[in-house]
Amino acid sequence: VTAATQTVKAINLDASLSQNQGVVTVTYGPAQKLQVLCPGQSWEPGTAQGKLDSPSVQTAGVEFTVTVNLCDDYWNIKTDSSVLVYVTCNDPHISTPTPKMITGYSTFKITLKTAWIGASQAQWTVKGTATDWTEYTSDAIAVNPNSAVKLQVILPGENKNPGSPLGKSGIAATQTAGEPFTITVNAVDYL
């Protein structure tokens with residue numbers, strides 16, 4: 001059920017009757033829901049998911065664009081609807097984009113910063129919300145670390161905290177002269 005000009009054609013299979021066709025304009029429905037499309041995905045109205053493909057892998061610290069569509073139940077974009085849209089992400093170190101009034105659709109810039117959670121590659125989602133519209137959470141976006149550019153020293157009492165401004169948290173514990181202690185040195189990107 002795609003909103004567009006559609007052609008309806010009647011075909012006689014045994015050729016005993018003449019064929020005919022007509023043109024009908026299909027408009028979008030009344031529902032109000034958001035859709036968030038990430039790089040690697042494309043809009044596909046009239047389908048169950050309203051989109052094709054999965055998000056492409058992103059690199060920590062590199063800005064990319066997501067598209068937020070105002071849709072009906074069949075993912076047709078409602079070009080005469082306007083609403084203030086908020087975009088958030090579950091990466092704890094992201095700077096949230098400024099909300100904006102959009103009509104039909106708009107884009108938002110996102111920079112994910114955390115590529116690892118413990119020993120696992122991070123996967124984050126982007127959520128679009130607006131008053132009186134059904135919110136939408138994107139498919140998971142995998143994040144690769146950026147190129148290593150510096151060494152990070154983790155002292156006793158400190159912990160790795162990828163994506164944070166210092167890349168670590170905690171306070172170094174006081175050590176006693178003559179007593180051995182362990183440090184960790186990591187090659188890290190700039191985040």
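These legends walk through a set of close-up views of one predicted protein model.

This is a predicted model in which local features need pLDDT of at least 70 and side-chain atom pairs count only at pLDDT 80 or more, while totals for chains, interfaces and linings use all residues. Residues are numbered from 1 along each chain as its sequence is written, and side-chain values use heavy atoms, with hydrogens and water left out.

**View 1. The whole chain, an all-round look before zooming in.**
The protein has zero helices and 20 strands; helices (H or I, at least four residues) and strands (E, at least two) are DSSP runs, numbered from the N terminus. Its C-alpha trace spans about 105 × 40 × 20 Å along the principal axes. The radius of gyration is 25 Å, whereas a compact globule of 191 residues would have one near 16 Å (taken over C-alpha atoms, with the globule rule being 2.2 Å times the number of residues to the power 0.38). Of the 191 residues, 34% count as buried; here buried means under 20% relative accessible area, exposed over 50%, and partly exposed in between, with a 1.4 Å probe and protein chains only. Among contacts with a separation of 6 or more, 58% are between residues 24 or more positions apart, a contact being heavy atoms within 4.5 Å.

**View 2. Lys51 and Asp139 meet in a salt bridge.**
The structure holds three salt bridges, each defined as a side-chain nitrogen of Lys or Arg within 4 Å of a carboxyl oxygen of Asp or Glu. In this one, the closest N and O atoms of Lys51 and Asp139 are 3.5 Å apart. The pair links distant parts of the chain, 88 residues apart: Lys51 belongs to strand β5 (residues 51-52), and Asp139 to the loop between β15 (136-137) and β16 (141-144). Lys51 is buried, at 11% relative accessible area, while Asp139 is partly exposed at 29%.

**View 3. Two further salt bridges, Lys127 with Glu135 and Lys168 with Glu158.**
The N to O distance is 3.4 Å between the side chains of Lys127 and Glu135. Lys127 is partly exposed at 29% relative accessibility, and Glu135 is partly exposed too, at 45%. For Lys168 and Glu158 the N to O distance is 3.3 Å. Lys168 sits in strand β19 (residues 168-170) and Glu158 in strand β18 (residues 158-160), so this pair ties together parts that are 10 residues apart in sequence. Glu158 counts as buried at 13% relative accessibility, whereas Lys168 is partly exposed at 26%.

**View 4. Asp91, a buried acid without a salt bridge.**
Look for Asp91 in the loop between β8 (82-89) and β9 (100-103). The nearest side chain of opposite charge is that of Lys113, 8.1 Å away (Lys and Arg count as positive and Asp and Glu as negative; His and the chain ends are not counted). Even so, the side chain of Asp91 reaches the backbone nitrogen of Lys113 at 2.8 Å. The side chains of Asp91 and Thr114 are joined by a polar contact of 2.9 Å. A polar contact is a pair of N or O atoms within 3.5 Å; within protein, one must be able to donate a hydrogen and the other to accept it, and residues adjacent in sequence count only if both atoms are side-chain atoms. Beyond its neighbours within four places in sequence, Asp91 touches Leu112, Lys113, Thr114 and Trp124.

**View 5. Strand β16 and its pairing with β6 and β13.**
Strands pair if DSSP finds at least two bridges between them. Strand β6 (residues 58-59) runs parallel to β16 and is joined to it by two bridges, with Thr59 partnering Asn144. Strand β13 (residues 123-124) pairs with β16 in the antiparallel sense, also over two bridges, and here Gln123 stands opposite Ala142.

**View 6. Two alanines, Ala115 and Ala187, in contrasting surroundings.**
Is Ala115 buried or exposed? At 4% relative accessibility, Ala115 counts as buried. This residue lies in the loop between β10 (105-110) and β11 (116-117). Leaving aside neighbours within four places in sequence, the contacts of Ala115 include Ala60, Gln121, Val143, Asn144 and Pro145. The C-alpha atoms of Ala115 and Thr59 are 7.7 Å apart, although 56 residues separate them along the chain.
Ala187, in strand β20 (residues 184-188), counts as exposed at 59% relative accessibility. With the same neighbours set aside, Ala187 is in contact with Ala148, Lys150 and Leu151.
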